[in-house]
Amino acid sequence: MAQAALDRVDAAWRTLDGVPDPEVPALSVRDLGIVRDVVDHGDSLEVVLTPTYSGCPATEVIEKSVVDALVAAGLGPVRATTRRAPAWTTDWISEAGRRKLREYGIAPPTGTAAVAGEAPIRVVRRDAVTALECPRCGSTHTERLSAFGSTACKALWRCLDCREPFEHFKPI
C-alpha cells in the first residue's frame, strides 16, 4: 500500500478514536472493538463494523456517526460495511476501553468470552459470576440485583460495602 494510503488509513483510525458509542459515550467505537477494519480503495474509504449483537438498536446511529466523522475530517467519501462473522465478543473491548468503563462506573466484563483468535464463542453461564469488583470503591463484596441493566448487554449489581448500584458489562 502506498504511503499516502497508509497515512489516510492511520488518520481514519485516529478519527475513530473520537467517535463515541451512543449507549456508553465514555467509550469510542474503537475502544468497544466494533471497528474491524479501515480499507482505502483509492477513491473512497470503507469502514468495516461488527455490531455488539445482531439486533443492536444503535447500529445505524453508529454507522452514521462513523461516516460523518470521517467525512468531516476530510477523509471522504466513506462507506460503512457491516460484518457479522465472526460475531463480536467482549474480548474485543480494548484495555483502554475496560479502564474507561470502570471510570464511568460500569464494571467491565471479566475473563474471556471467546477462545483466542477466530475460534467460536464459548457460552458463559450468567450465574458463573458471583462477585465483581465495585467500580467505585473496589470492594468485591457485591451482589447481582438484576440480570438486565439499562441495556440487554449489562446487568445491574450493588456494592454491599459502599451501597452504590453499578452496571456490569456482561461477557458475550
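# Reading the sheets, contacts and cores of a predicted chain

Mentor: Let us begin with an open sheet, in which 4 strands stand in the order E4-E7-E6-E5 with mixed pairing. Strand E4 (106-107) and strand E5 (142-146) are at its edges, each with a single partner strand, so one side of each has no neighbour in the sheet. The model is a predicted one, in which local features need pLDDT of at least 70 and side-chain atom pairs count only at pLDDT 80 or more, while totals for chains, interfaces and linings use all residues. Residues are numbered from 1 along each chain as its sequence is written, and side-chain values use heavy atoms, with hydrogens and water left out.

Trainee: How should I read the pairing, and in which sense do E4 and strand E7 pair?

Mentor: Strands of a sheet pair through backbone hydrogen bonds, either parallel or antiparallel. Two strands are taken as paired if DSSP finds at least two bridges between them, and helices (H or I, at least four residues) and strands (E, at least two) are DSSP runs numbered from the N terminus. Here E4 and E7 (residues 165-169) are parallel, with 2 bridges, and Ala107 faces His168 of E7. In the loop that leads from strand E6 (154-159) to E7 you will find Arg163, a residue other than glycine whose phi is nevertheless positive, near 70°.

Trainee: What is the order of elements along the chain, starting at the N terminus?

Mentor: The chain has 4 helices and 7 strands, and from the N terminus they follow one another as α-α-β-β-α-β-α-β-β-β-β.

Trainee: How many bridges join E1 and E2, and how many join E2 and E3?

Mentor: Strand E1 (35-40) is antiparallel to E2, with 5 bridges between them, and Val39 is placed opposite Glu46 of E2. Between these two strands the hairpin has 4 residues, and there Gly42 has a positive phi near 90°. E2 is also joined by 5 bridges to strand E3 (residues 78-82), this time running parallel, with Val48 opposite Thr81 of E3. E2, helix H3 (residues 59-72) and E3 together make a right-handed β-α-β unit; right-handed means that, with the strands pointing away from the viewer, the path from the first strand over the helix to the second runs clockwise.

Trainee: Which loops hold Pro77 and Pro86, and which peptide bonds precede them?

Mentor: Pro77 is in the loop between H3 and E3, and the bond from Gly76 to Pro77 is cis, with omega near 0°. Pro86 is in the loop between E3 and H4, and the bond from Ala85 to Pro86 is likewise cis, with omega near -5°.

Trainee: Is Glu46 buried or exposed, and what about Glu103?

Mentor: A residue is buried under 20% relative accessible area, exposed over 50%, and partly exposed in between (1.4 Å probe, protein chains only). Glu46, in strand E2 (residues 45-49), has a relative accessibility of 11% and therefore counts as buried, whereas Glu103, in helix H4 (residues 95-104), counts as exposed because its value is 59%.

Trainee: Which residues does Glu46 contact, outside its neighbours within four places in sequence?

Mentor: Contact means heavy atoms within 4.5 Å, and on that basis Glu46 touches Asp37, Val38, Val39, His41, Arg79 and Thr81. With Thr81 there is a side-chain to side-chain polar contact at 2.7 Å; such a contact is a pair of N or O atoms within 3.5 Å, where within protein one must be able to donate a hydrogen and the other to accept it, and residues adjacent in sequence count only if both atoms are side-chain atoms.

Trainee: How many residues has the largest nonpolar core?

Mentor: In soluble globular proteins, nonpolar side chains tend to be buried together. A nonpolar core is a set of buried Ala, Val, Leu, Ile, Met, Phe, Trp, Tyr and Cys residues joined through side-chain atoms within 4.5 Å. The largest one here has 30 residues, and those with the most contacts inside it are Leu16, Val35, Val38, Val47, Val66, Leu70 and Phe169. Helix H1 (3-16), helix H2 (29-32), E1, E2 and H3 each supply at least two of its residues, with the largest share, 5 residues, coming from H1. A second, separate core of 7 residues includes Leu132, Cys134, Cys159 and Phe166.
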